[in-house]
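Trainee: Here is a model I would like to go through with you. I want to know what stands behind each term.

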Amino acid sequence: MTILILLLLAAITALLVIPAVRRPILSSPIFRAFRRALPAMSETERAALEAGTVWWEADLFSGKPDWNKWTATPTPTLTSEEQSFIDNEVVQACKLVREWDVAFKDHDMPQEAWQFIKDKGFLGMIIPKSYGGLGFSAYAHSEIVSRLSTRSSPLAISVMVPNSLGPAELLLHYGTDEQKNYYLPRLAKGLEIPAFALTSPWAGSDAASIPDSGVVCEGTWQGKKVIGMRVTWNKRYITLAPVCTILGLAFRLYDPDGLLGTKKDLGVTCALVPHDHPGVVIGRRHIPLNTYFMNGPTQGKDIFMPLDFIIGGPQMAGQGWRMLMECLATGRAISLPSSNAGISQLAARVVSGYARIRQQFKTPISRFEGVEEALARIAGNAYLTDAVRTLSAAAIDLGEKPSVVSAIAKYQVTEKARESVNHGMDVVGGKGICMGPGNILGLVYQQMPIGITVEGANILTRSLILFGQGAIRCHPYLLREMQAAQASDTRQGLLDFDQAFWKHMAHVVGNGLRAITYGLSAGRLAPSPVGVAPEMQPYYRSLARTSAGFAFVADLCMLILGGTLKRKEKLSARLGDILSQMFLMSCVLKRFEMQGRIQEDVDVARWALDDCQDKIRIAFDGVFANFPIAPLGPVLKRLLFPWGIPGQPPSDTLGHRVSQKFANAGAARDRLTSVCVINKEIDDPVGVIELALDAMLACEPIEAKIRVAEKQGRFQDEPLANVRDLPTLAAQLGVITESEFQEMQKRDALRDKVIHVDDFPFEIRTTASVPSSERHRQAA
Ligand SMILES: Cc1cc2nc3c(=O)[nH]c(=O)nc-3n(C[C@H](O)[C@H](O)[C@H](O)COP(=O)(O)OP(=O)(O)OC[C@H]3O[C@@H](n4cnc5c(N)ncnc54)[C@H](O)[C@@H]3O)c2cc1C
């Protein structure tokens, strides 16, 4: 009997371990089944999947993150030139734009601001110095965009777009020398304003299916007969299009007469078309939620253009989708994460200040527990979003094009910013609602859906990209298996598949065992890197445990659902949530280390980490409750988390400490809002909050004296004993000195300015007398 069992074990081992035995008996039928089950992949899908690189998210996906790699990630720094630009040019640019005037009077930034950003190279920050650009790092780029967005979204967007997926990025990677030498210096100096037009009325999220098309044909160009293309397009939502001088254009190119070769449908092609090329229609504008940056449609019908207009020349015809996908990760990792991290900080700055200044029931509203809760969330989001945008930019500077990280950063930071602004609006009450030059948050509140929608709308990003694309990109074996299954040489395909598949199986078993062990020990056996802050070690352990559990569950879902997981968007979204939250936690932990473990920030970092862990718990619960094989869900939950899924919302006491530290002017608040560019002037709606806050804090001892007198009943039955006139009464009764009274008067004047809300004559007129188009014409 024993011999029989031993023989059986030996046979099984031989079957699994010896490739020559395993391949025909096991791997070959699995390979055939895998090939049948694999959904057909279009060229555009393949390009999207293969574009860019994977970074730390792949470690999180592996179930066994290498913490040494994460802790060794260098802290991004600025050169002295970049720092000087931030301290000078950025601050000056911010001073040139007033949100209210842009939104309600001029419907455009002032010409002075346009000229300034062109002259100072803001539109060419990513262009290398050799072409006359600023040649800034991705981190510097992020620092600049985040600062600009704390003053004006139109300003930030006008700078962001040329530096992200504007033609510069495409030219740098794919342009011909001639195109680079002509356009890059002109873009760097602001002599050209670029726009990039992909979206059409019929193809928004599904941008690969643009109906805009070009046909290769003969035509006349500069008096000569040449082979070119006749292009027709109808695009909308295109940022900077109304004022652009070169229009990047994506369209599908066909070659029905075989003038370029045998292929008739060449595919998506990107071209650069001068704005004054005959037949190009630009100039009309959309109004994106009262954020009057330049955005509008463009059309062209049967416009003949030479093949040299194609970015990279004729040989790049049909390569447009791959080019766009490869460049998208870079811009997406910087633009919206940076601008929305800036907005989170702006919300944090103004709301914390306002909540400390505004009193009701004789108490600053920041002290009410209900308000405290909102303030703690705003503070936590500000800490987290800055960590995420910093590390996403750091990845680019390390040479990555992180397609999944950029999607996580875009999705999470825009959602957090929206959450902060929503809570902020609740805290500032009517002051946020009534529009006018003194409004502090109303315009930002209106603008929030823009970031949510552009560069991959958030619902789509969460449900389809984060896990759907992330799983294939980050998984150590899946992409290799897919590539093997799709290989035209099936013999080689089987060999590659066999290698990847059995390693994959060992990976699943390893992660399962690891997750069960960590679960049984309630995470105590999970590793934490050496040399990190002791107070943060439990979070590292928790992340290691989450990673193992996630990798195991994700593999089971993929095994059960195969290609249909793509359509199970709710499940995919929850798995994407877990991956995202692990990345966010990693960024928070890294920020804490990079900033030298500032003890005053322990609470806010812990608040952000607890919030992420809570979201992981909710997502895991959702996955188990909706597991593709229903009875397996509760079993897996019990197996991996025998003592319950860890994570609970940040505690009330932690939230209290975070909000109180943050509502008082001081170093903690300054660090949390370090990118805010503030004009500390009485007529500036944000600046005046700072002045009033300083005055409030300076008057606290005087106010305490008044409170004591009040409790002693000294103000009883006095008509001046009301919230506004109490200091006057206190001075009259000698409770406070004359100089103290003057201090209080100064404070009250500033406070009144902060709580003041604009009103207008019955016939409200806000528009400027000179139309925006006229001003642009005059400037040209
Ligand atoms: C202000 C602004 C500026 C822009 N700038 C530019 C620019 O410079 N150049 C350019 O080419 N484009 C630009 N765009 C276009 C932008 O990228 C698209 O608006 C965006 O991709 C979404 O397309 P859509 O608005 O048509 O929404 P739709 O594609 O109609 O989507 C509507 C909703 O359905 C969801 N959805 C769609 N498909 C799926 C799916 N498979 N699964 C789950 N949910 C899904 C989306 O998430 C969204 O919530 C801009 C848009 C705006 C509003």
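**The ligand shell and a helix pair**

Mentor: The shell around the ligand has 13 nonpolar, six polar and two charged residues. This is a predicted model, in which local features need pLDDT of at least 70, side-chain atom pairs count only at pLDDT 80 or more, and totals for chains, interfaces and linings use all residues. Residues are numbered from 1 along each chain as its sequence is written, and side-chain values use heavy atoms, with hydrogens and water left out.

Trainee: What makes a residue nonpolar, charged or polar here?

Mentor: Ala, Val, Leu, Ile, Met, Phe, Trp, Tyr, Cys and Pro count as nonpolar, Asp, Glu, Lys and Arg as charged, and the others, Gly among them, as polar.

Trainee: What makes the pair formed by Thr 199 and the ligand a polar contact?

Mentor: A polar contact is a pair of N or O atoms within 3.5 Å (within protein, one must be able to donate a hydrogen and the other to accept it, and residues adjacent in sequence count only if both atoms are side-chain atoms). A polar side-chain atom of Thr 199 lies 2.6 Å from a ligand nitrogen atom, so the pair falls within the cut-off. A polar backbone atom of Tyr 237 is 2.8 Å from a nitrogen atom of the ligand, and one of Leu 460 is 3.0 Å from a ligand oxygen atom.

Trainee: Why are H15 and H22 called roughly perpendicular?

Mentor: Angles under 35 degrees count as roughly parallel, over 145 as roughly antiparallel, 65 to 115 as roughly perpendicular and the rest as oblique. H15 (residues 403–428) and H22 (residues 569–594) pack at about 85°, and are therefore roughly perpendicular to each other.

Methods: Axes are lines fitted to C-alpha atoms, for helices over the stretch in contact, and angles run from 0 to 180 degrees between N-to-C directions. Helices (H or I, at least four residues) and strands (E, at least two) are DSSP runs, numbered from the N terminus.
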